[in-house]
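User: I'd like a close look at one part of this model: the side-chain contacts that tie separate stretches of the chain together. Keep it informal, but give me the cut-offs as you go.

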Amino acid sequence: MVGDVKDWIVVVPFIGPDWVIDGLLEQVEVDLFGRFLFIDNTPTGSLKDSSRHRLHIYGAEVVHRPENAGFAGSVNLGLRRGHEQTIVCSASVRFPAGFRRWLEEASAAVTPMGLFTLLSWHLLSLGRPLVERLGYLDENFYPCELEDIDYMWRMIVAGSLHDEDQGGVGRPRPMSCSRAGLNLSTADHRFKQNGPALSAYYDRKWGGHPEVFRAPFDNAANPLGYWPPATVGELKRRYGV
């Protein structure tokens, strides 16, 4: 249970060698795996057969997206299930006292809109009322970069950030969790390749840095969750980068 919420799920998008995800699996209690949705974005699948079998036995769901759904696309797979709370957890997060202990801490802090931790978008919860207000993550930020900033700006525009008295998520909470040090140089190279196009797209969507527009592309008719699907290649050609 997350607070008074019985309807929750944990979405874990991951890509990379099996040891990245194995470190997380070791710290999740067996009876909680049925709440987990793992999105494996590695082309050949990075879960070892033994790990995949264990997750199947324990009731976890593993979705293999060999084309790489990207971070936003992976999270949206979970959000579209419509649970009251969707916990987003990076494979690099570690729970030294066990996942159950962290869940108890989260239960005391979560609001209907969700929960932020000091790990930011590596570990947070998005409440269904928040998603209904803001829409899904923008999958044009592919494979990842700026999709979190985009969503945070939407939260600011909607008045859903931090201020619990005004129906917000609440300020980041310190909890019994941390991040493992990982070498993601290969992924970082791809992010840098796409970065200029994604930055140009973000500037067009929100008016630059700092943001100016209060609606996507400065069109009041657009809901906050509006984003016209486009590939990175299309964005590069569109913005000449």
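Analyst: What follows goes through the charged pairs, then the core, the backbone and the aromatic rings.

A bit of bookkeeping to start. This is a predicted model, where local features need pLDDT of at least 70 and side-chain atom pairs count only at pLDDT 80 or more, while totals for chains, interfaces and linings use all residues. Residues are numbered from 1 along each chain as its sequence is written, and side-chain values use heavy atoms, leaving out hydrogens and water.

Now the charges. The structure holds 10 salt bridges, a salt bridge being a side-chain nitrogen of Lys or Arg within 4 Å of a carboxyl oxygen of Asp or Glu. One of them joins the side chains of E61 and R81, at 2.9 Å from N to O. This pair links distant parts of the chain: E61 is in strand β3 (residues 61-64), R81 is in the loop between α3 and β4 (85-89), and the two are 20 residues apart. Elements here are DSSP runs numbered from the N terminus: helices are H or I with at least four residues, and strands are E with at least two. E61 is partly exposed at 34% relative accessibility, and R81 is partly exposed as well, at 40%. For these labels, buried means under 20% relative accessible area, exposed means over 50%, and partly exposed is in between (1.4 Å probe, protein chains only).

R80 has two contacts to look at. R80 forms a salt bridge with E139, with the closest N and O atoms 3.4 Å apart. E139 lies in the loop between α5 and α6 and R80 in the loop between α3 and β4, so this pair ties together parts that are 59 residues apart in sequence. R80 also lies over the face of Y136, at 4.6 Å from the ring centre; that contact counts if NZ of Lys or CZ of Arg is within 6 Å of the ring centre and within 35 degrees of the ring normal. Both ends of the salt bridge are partly exposed, E139 at 26% and R80 at 44%.

K205 and D150 make another bridge, 2.8 Å from N to O. K205 is in helix α7 and D150 in helix α6, 55 residues apart. Here both residues are buried. They also belong to a network of salt bridges that links D138, D150, R154 and K205.

Helices α6 and α7 turn up again in the nonpolar core. A core is a set of buried Ala, Val, Leu, Ile, Met, Phe, Trp, Tyr and Cys residues joined through side-chain atoms within 4.5 Å. The largest one has 34 residues, of which W121, L126, L130, L137, Y151 and M155 touch the most other members. The elements that give two or more residues to it are α3 (70-79), β7 (123-127), α5 (128-134), α6 (147-158) and α7 (185-206). With 5 residues, α7 gives the most. Helix α7 also holds G195, which is buried at 8% relative accessible area. The C-alpha atoms of G195 and C144 are 9.2 Å apart, although 51 residues separate the two in sequence.

Next, the backbone. In the loop between α5 and α6 sits P143, joined to Y142 by a cis peptide bond with omega about -5°. A second cis bond joins H209 and P210, with omega about 0°.

Finally, the rings. There are 13 aromatic pairs; rings of Phe, Tyr and Trp (its six-membered ring) pair if their centres lie within 6.5 Å, with planes under 30 degrees apart called stacked, over 60 edge-to-face and the rest tilted. F33 and Y58 have their centres 5.9 Å apart and their planes at 15°, so they are stacked. That contact also spans the chain, from F33 in the loop between α1 and β2 to Y58 in helix α2 (residues 49-58), 25 residues apart. F33 is buried at 1%, whereas Y58 is partly exposed at 32%. Both are in one aromatic cluster with F14, F36, F38, F95, F99 and W102.
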